[in-house]
Amino acid sequence: MIEETKNEPETTFGNKLIFLLFGIGALLTYNAFLTELPFFNKYLTDFVPGKTIPFLNFTLNITFQLLIICKKDLFELKKQLFIGLISSIILLILIPLMVTSLPENSIQNMIVTSILILIMGFINALLTSGFYALASFFPTEIIVSLNTGMAVAGILMNVIQYIVLISIDNTKIDIIALTFFSISGFILLLCLIILIFQFKTIYFKFYLKPLDKTVIEDNSEKLTSGASDSEKITSDKDSTKKQNIEMGFYEMFKVLRAIDLLGMYIYIVTASLYPNLMINLNLFNMENSYNINTILLLINICDTIGRYMVVKVNPTKILTSIVILSRTIIIGTCFLNFYLQKQDVNINSTSIFVLFNIIALAITNGVGTSLCFRIAPTLVEDEYKGQAGASISFFATLGTFLGTILAFLTDYIMGLLS
């Protein structure tokens with residue numbers, strides 16, 4: 001039997017901190033690879049990592065997130081998260097080792113790396129949809145903590161990269177990368193250990209009761225196979241009632257359509273510009289490795305600020321629509337910024353323009369994301385909250401995937417402007 005807790009447990013600072021860590025774990029692997037773009041640029045220059053890695057990552061990511069949503073019982077939530085974290089740790093070590101062991105810019109290296117990044121996309125799908133589904137069962141402040149953690153993941157990777165760059169000779173790119181990925185793997189291991197213990201706490205058991213009850217109902221259906229005719233009739237009625245309230249992917253989309261599409265558009269805009277165009281901007285003539293890492297750090301900091309800015313704001317569809325749709329103008333300002341720098345306009349002036357674009361792109365991304373993920377679970381019954389979180393996660397990933405496709409067009413336009 002499920003252990004019932006009469007009183008709703010208090011959401012403590014510790015609970016928020018734990019979900020902040022889970023948010024970090026959900027996006028750490030992808031952010032780690034973005035942070036180490038100089039490493040991939042060295043070994044796979046012709047691969048154009050800035051646009052190819054995001055595209056390959058989200059190709060399988062979007063495919064499996066759709067599968068996870070359509071086949072709700074495909075993975076048990078605990079197993080989904082455990083497998084995702086363990087696999088991410090393995091890939092963080094395996095991919096850089098394979099890249100360095102194969103010849104630079106060789107077809108073999110590109111093929112092997114592409115396959116591993118495609119697999120990484122599947123693993124990221126498990127983690128992203130899994131953690132969003134998990135957080136959707138908890139109070140709103142927990143969802144905000146998870147979203148904040150996802151933004152902090154990028155900041156953490158950038159800070160670690162700075163420490164590694166300062167500690168190790170910048171010419172030793174291989175050692176820098178292997179050290180960086182090893183530290184990242186340790187953080188995921190810590191996340192895994194904490195997650196295992198959290199499933200045993202009263203706090204988790206209380207809020208995950210809808211999830212546990214579903215399991216018990218499924219087991220009860222199996223037990224009725226040997227019941228009497230009258231018992232089977234009763235069970236069939238209960239089963240029919242349950243089937244009537246089940247919500248498939250399309251039914252969920254009809255409920256969340258406006259929020260799903262807005263969540264998708266957020267990431268279409270972001271992924272079409274970031275990282276490919278943004279890391280090609282220059283801040284005050286910084287050296288390449290520091291320039292890339294600084295731009296990534298500023299974007300991640302501003303994204304985090306944006307996600308946290310709306311903690312006390314009552315999310316509405318109108319507010320969310322205004323924030324997200326107004327981001328369209330940033331596409332034009334970023335291309336203008338790139339063009340001005342290619343025309344050798346005063347570097348200080350264009351660098352200030354870069355800072356403006358970074359702040360605008362990242363803060364609106366964070367605000368829009370937080371609003372979407374906060375609204376979605378409030379539009380459905382308790383038993384569907386996890387499904388609502390997974391639905392928003394899917395459309396955000398779909399938007400990112402479409403944005404990575406548009407990044408190839410972005411790259412073409414950048415060539416025309418150069």
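Here is a short selection-by-selection walk through a predicted model, covering its salt bridges, one buried threonine and one pocket.

**Stop one: the salt bridges**

How many salt bridges are there to look for? The count comes to three.

Start by selecting Asp-174 and Lys-42 and showing their side chains. They form a salt bridge, with the closest N and O atoms 3.6 Å apart. Now colour by helix: Asp-174 sits in helix H7 (residues 173-198) and Lys-42 in helix H2 (residues 37-43), so this pair ties together parts that are 132 residues apart in sequence. Switch on a surface and you'll find Asp-174 partly exposed, at 25% relative accessibility. Lys-42 is also partly exposed, at 30%.

Next, pick Asp-411 and Lys-51. Here the closest N and O atoms of the salt bridge are 2.8 Å apart. Which helices does this pair join? Asp-411 belongs to helix H16 (residues 385-417) and Lys-51 to helix H3 (residues 49-70), so the link ties together parts 360 residues apart in sequence. With the surface still on, compare the two ends. Asp-411 has a relative accessible area of 26% and is partly exposed, whereas Lys-51 is buried, because its 12% falls under the 20% cut-off.

For the remaining pair, zoom to Arg-307 and Asp-303, whose closest N and O atoms are 3.1 Å apart in a salt bridge. Both residues lie in helix H12 (residues 288-309), four residues apart, which means about one helical turn separates them. Buried or exposed? Arg-307 is buried, and so is Asp-303.

**Stop two: Thr-397**

Go back to helix H16 and select Thr-397. The surface won't help much at this stop: Thr-397 is buried, with a relative accessible area of 5%. Hide the surface and show its neighbours instead. Leaving out residues up to four places away in sequence, Thr-397 touches Phe-58, Asn-61, Ile-62 and Gln-65.

**Stop three: the second largest pocket**

Finally, bring up the second largest pocket, which holds about 250 Å³ of space. To see its lining, select Phe-13, Lys-16, Leu-17, Leu-20, Glu-141, Val-144, Ser-145, Thr-148, Tyr-308, Val-311 and Lys-312. Which elements give two or more residues to that lining? They are helix H1 (13-35) and helix H6 (140-167). Recolour the selection by residue class, and the lining splits into six nonpolar, two polar and three charged residues. Lys-16, Glu-141 and Lys-312 are lining residues that take the charged colour.

Methods: Residues numbered from 1 in each chain as written. Predicted model: local features only at pLDDT ≥ 70, side-chain atom pairs only at ≥ 80, totals over all residues. Heavy atoms only, no water. Salt bridge = Lys/Arg side-chain N within 4 Å of Asp/Glu carboxyl O. Buried < 20%, exposed > 50% of the residue type's maximum accessible area, 1.4 Å probe, protein only. Contact = heavy atoms within 4.5 Å. 1 Å grid on protein atoms, 1.4 Å probe; cavity = no way out; pocket = protein on both sides within 12 Å on 5 of 7 lines; lining within 4 Å. Points joined across faces, edges and corners; volume = space filled by probe spheres on them.
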